[in-house]
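This report goes through selected local features of one model and the contact between its chains. The sequence and structure come first, and the text follows.

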Amino acid sequence: MSFKVLNSAFLTLIQDSGRFSYSHLGVTNSGFMDEYAAFACNKLLDNDIKGNLLEISFPNLHLEATKDTTLAFTGAFCELFINDEQKNTWCSHQVKKGDSIRIGSFKSGQRVYLGVKNGFILKKEFGSFSTTLKEGFGKILEKNSILDFEEFKGTKTKKWHKNYLPQYGNDLTLRVILSYQEDTFSNEAKELFFNNKYKITSDFNRMACKLDGKEIKSNINGVISEAISYGSIQIPNDGKPIILLKEAQTIGGYPKIGSVLSIDCFKLAQMKIGGTVNFKEISINQAQEKLKKFYSTFLS
Amino acid sequence: MKIKIASVDSVIIYFGEFISKDISNKVKSVYSYLKSLENDSFIEIIPSYTSILIKYDILKYDISSITIFLKNELKNIKNEDFSSNKLIVVDTFYSTEVGFDLQRVALNANISIEEVIKIHSSKIYDVFTIGFLPGFAYLASVDDKIITPRLNSPRKKIPKGSVAIADSQTAVYPCDSPGGWNIIGRTTFEFFDKSLENLSPVCINTQIKFNPISKEEYIAQGGKIEF
């Protein structure tokens, strides 16, 4: 026994960096929606950055520690109480057997990551701890369930440097690498796409984010079904962009104008329904430099 | 062959612009070759009708090195013949009891239900791609006679194991799912099976044949009629 779940928030999922090498069978990658916050959470615990965490998308999660350990909290800025004492997130905290841990309301951002020193003791399924409900993989946290971990009697806690704390606002610029069927979009269509704001609709989940705004059209109605990458921007027949995220289906037949740089998809994961985004072109070389820097910083 | 950017860390190789067995064989040959390299820096290799997407490790390759690598590697690939590959026989109970659209397919073709069953089960199908759902294999092509358009409005729930036709393609629903294909029968054969080490008995290189079985045989295999 390690964590007892006194109250479970809706859709609290076990995640890690994702399930890979089964996409050719239609199995989605899944994984952390916001890798920046998730990797930071593991960094604060000196865990492997890809290790498992709880991804919490709704308030009022209440846990009881049944062993000593160190915990870390990142992602959405939220109320955090340890034994009813208010604590900060984006840092680690030592907890003792019997301590109560409660996540209250979210102030900004949509997903909180909760990690434990050395990770939760669970069984990997096909190389990953990630939960994909539609495929029946992983674990959803339920009331009165137990989440196991090793006891750890730590002496130090860490805090994420304030210069590197994210700010979760209501407006976000997404950098786009033109790709796939971009040549089937006219210059006028591209101008509309890059010069207008789009609103995040309620069709926003771990699979995709559907936007509302200026309609754009491709010169073709569809493509022969082909594999879709993380961040791809599909333009269905209604002309409203859909950004594909961690649990996207593996193949699809809509024309795609390009792909959002993954780092910006992580930021999108913290946005609210009703928030706005705009698109800005980035060259493949610049985009790759940014992503390389992102991963090397975390791996160092 | 054309290599295009897909995203910051993936490229897509196109082998043609229409669906054909020849182009599909090219895809399969290159896919088999790329898999045989066992390159850990290829995070995903996803084949489809006319293309293969490769997601690569951004710390090992960039767009120019991956393009050069692929161009060099793929220069000398010969088209393999996949018809000698593993053939999987899928026992199928064809009946209006479980095949909600069997009558519709027969009416559309202006032939009897028995003929639909005979035509559908006499061909060996190639897998063109797998996706939409885990283990959902797009098989083609059905005989011209039984080509049937999708339903006007998709069903909210199609039972697992349903054998279906959409246009010239056929498939088996690996789990309960919404869908707009014409359902002609049902099987207990598992297209997505977590007890298997590689999750599915089917891959892009396998071939499928449907074998008509009686209601008794279907029930004996664990098949269910009600839904």
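## Backbone, packing and interface

Ser21(A) is found in the loop between strand E2 (13–15) and helix H1 (35–44) of chain A; helices (H or I, at least four residues) and strands (E, at least two) are DSSP runs, numbered from the N terminus. This is a predicted model, in which local features need pLDDT of at least 70 and side-chain atom pairs count only at pLDDT 80 or more, while totals for chains, interfaces and linings use all residues. Residues are numbered from 1 along each chain as its sequence is written, chains are lettered from A and ligands numbered from 1 in the order in which they are written, and side-chain values use heavy atoms, with hydrogens and water left out.

Ser21(A) is not a glycine, yet has a positive phi of about 80°. Its relative accessibility of 37% makes Ser21(A) partly exposed. Here buried means under 20% relative accessible area, exposed over 50%, and partly exposed in between (1.4 Å probe, protein chains only).

In chain B, Asn110(B) also has a positive phi, near 60°, and is a residue other than glycine. Asn110(B) follows H3(B) and is found in the loop between H3 and H4 of chain B. A cis peptide bond runs from Ala140(B) to Ser141(B), with omega near -15°. Ser141(B) is placed in the loop between strand E7 (137–140) and strand E8 (155–158) of chain B.

The table lists relative accessible areas for four residues of chain B.

| Residue | Place in chain B | Relative accessible area |
|---|---|---|
| Ser41(B) | loop between helix H1 (21–36) and strand E3 (42–47) | 8%, buried |
| Val89(B) | strand E5 | 44%, partly exposed |
| Asn110(B) | loop between H3 and H4 | 70%, exposed |
| Ser195(B) | loop between E12 and strand E13 (207–212) | 65%, exposed |

Ser41(B) touches Lys55(B), Tyr56(B), Asp57(B), Lys60(B) and Tyr61(B), residues up to four places away in sequence not being counted. Contact means heavy atoms within 4.5 Å. The C-alpha atoms of Ser195(B) and Ser51(B) are separated by 30 Å, and the two residues are 144 residues apart along the chain.

Which residues of helix H3 (residues 102–109) of chain B are buried? They are Leu102(B), Val105(B), Ala106(B) and Ala109(B). Seen down the axis of H3(B), these buried residues fall within an arc of 95°, so they line one face of the helix; the arc is that of the directions from the helix axis to the C-beta atoms. An α-helix has 3.6 residues a turn, so residues three or four places apart point the same way. The buried residues of H3(B) pack against strand E5 (87–94), helix H4 (113–121), strand E9 (162–166) and strand E12 (182–186) of chain B.

Between the chains, 41 residues of chain A are in contact with 46 residues of chain B. The area buried between chain A and chain B is about 3300 Å², with 66% given by carbon and sulfur atoms; buried area is the accessible area (1.4 Å probe) that two parts lose on being put together, summed over both. His24(A), Leu25(A) and Ile224(A) supply 20% of the area that chain A buries against chain B, more than any other three residues. The count between chain A and chain B is one salt bridge, a side-chain nitrogen of Lys or Arg within 4 Å of a carboxyl oxygen of Asp or Glu. Asp183(A) forms a salt bridge with Lys4(B), with the closest N and O atoms 3.6 Å apart.
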